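Q: I'd like a close look at one part of this model: the packing of its interior. Please walk me through the core and then work outward from there.

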Amino acid sequence: FFFWGGGEGGGVGGVSIQQQRLEEEGEWQDDAAHGTGREKFQDGSLYVGSYSRGIKDGKGKFTWTNGTEYEGAFKDNTFDGFGTYKWADGRIYSGEWQANRFQGYGRMTWTDGRSYEGEYLDDKKNGLGAFVWSDGRQHLGFWVDGKQDGIGIFTTSNGLCRKGRWEKGQRMEWLSEPVVKAQMETLMEPVLRLKPPKELAVA
């Protein structure tokens, strides 16, 4: 199976490892787990969920002994679809996955108050997204390879908003005068409106 390590912002980096099964129970078909089952490993980790011909596939939950857990969709023994990953240190990612990677739309939160919500590609912030720093600063705009790149609206910790253009994480120019946060709507464009999936829209 696999174990997920730590990471910053745009990804966590999956490392495949082999684990020895300690016990397995549930529904079977043709000598393979098929349907709902439970699988415990020698290191104490536990999977409870759906199987298809011996492969974790469908809804399930995998829990590690250090308190880390993933609950959501599986496909071919990988995180694939919508799911929530909770690290033992309190970080949480809820969103879309593909083959064990952040892929699509997701929300990442840290215990120090930082958060990111928006689009990911291959474990990195890519596309439209909003990042909030622990001091209250915010950036809503486009990202490429984990860095601001394109049009965006930056909000200071004092609540002043200003539209600008960024390249590879560096601001290149301001495109508006500052306005108070209550007037941020005057800076918005249709392309800057986040469109979360239904699973996050109700979260």
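**The core and its surroundings**

A: To set the scene, the protein's secondary structure amounts to one helix and 17 strands. Keep in mind that this is a predicted model. Of the 203 residues in the protein, 40% are buried. The accessible surface adds up to about 10,700 Å², with 48% of that area belonging to carbon and sulfur atoms. As for contacts between residues at least 6 apart in sequence, 20% of them join residues at least 24 apart.

Now for the core itself. The largest nonpolar core has 19 residues, and the members touching the most other members are Tyr70, Phe79, Tyr85, Tyr93, Trp97, Phe102 and Met108. At least two residues of this core come from each of these strands: S5 (46–52), S7 (69–75), S8 (78–86), S9 (92–98), S10 (101–109) and S11 (115–121). There's also a second, separate core of 10 residues, with Leu140, Cys161, Met188 and Leu192 among them. As background, nonpolar side chains in soluble globular proteins tend to be buried together.

A handy spot from which to view the larger core is Thr84, which sits in strand S8. Leaving out residues up to four places away in sequence, Thr84 touches Glu69, Tyr70, Glu71, Ile92, Tyr93 and Ser94. Two of those, Tyr70 and Tyr93, were on the list of core members above. With Ser94, Thr84 also makes a polar contact, side chain to side chain, at 2.9 Å.

Over by the second core, have a look at Thr155 in strand S14 (residues 147–155). Its relative accessible area is 2%, so Thr155 counts as buried. Beyond the residues up to four places away in sequence, Thr155 touches Gly136, Arg137, Gln138, Leu160, Cys161, Lys181 and Met184. Cys161 is one of the residues of the second core. Leu140, also in that core, is 15 residues from Thr155 in sequence, with 8.4 Å between their C-alpha atoms.

Rings deserve a look as well, since a search of the whole structure turns up 26 aromatic pairs. Take Trp166 and Trp174: their planes are at 90° and their ring centres 6.0 Å apart, so this pair is edge-to-face. Trp166 is buried, at 5% relative accessibility, whereas Trp174 is partly exposed, with 30%. Charges sit over rings too. Arg137, one of the residues Thr155 touches, lies over the face of Trp133, 4.7 Å from the ring centre. Likewise, the charged end of Lys125 is over the ring of Tyr116, at 5.5 Å from its centre.

Last stop, the loops. Most residues other than glycine have a negative phi. Asn77, in the loop between S7 and S8, has a positive phi, near 70°, and is partly exposed, with a relative accessible area of 25%. Asp122 also has a positive phi, near 55°. You'll find Asp122 in the loop between S11 and strand S12 (124–132), and at 43% relative accessibility Asp122 is partly exposed.

Key. Residues are numbered from 1 along each chain as its sequence is written. This is a predicted model: local features need pLDDT of at least 70, side-chain atom pairs count only at pLDDT 80 or more; totals for chains, interfaces and linings use all residues. Side-chain values use heavy atoms; hydrogens and water are left out. A nonpolar core is a set of buried Ala, Val, Leu, Ile, Met, Phe, Trp, Tyr and Cys residues joined through side-chain atoms within 4.5 Å. Buried means under 20% relative accessible area, exposed over 50%, partly exposed in between (1.4 Å probe, protein chains only). Helices (H or I, at least four residues) and strands (E, at least two) are DSSP runs, numbered from the N terminus. A polar contact is a pair of N or O atoms within 3.5 Å; within protein, one must be able to donate a hydrogen and the other to accept it, and residues adjacent in sequence count only if both atoms are side-chain atoms. Contact means heavy atoms within 4.5 Å. Rings of Phe, Tyr and Trp (its six-membered ring) pair if their centres lie within 6.5 Å; planes under 30 degrees apart count as stacked, over 60 as edge-to-face and the rest as tilted. A charge sits over a ring if NZ of Lys or CZ of Arg is within 6 Å of the ring centre and within 35 degrees of the ring normal. Accessible areas come from the Shrake-Rupley method with a 1.4 Å probe; for residues, only the protein chains shown count as cover.
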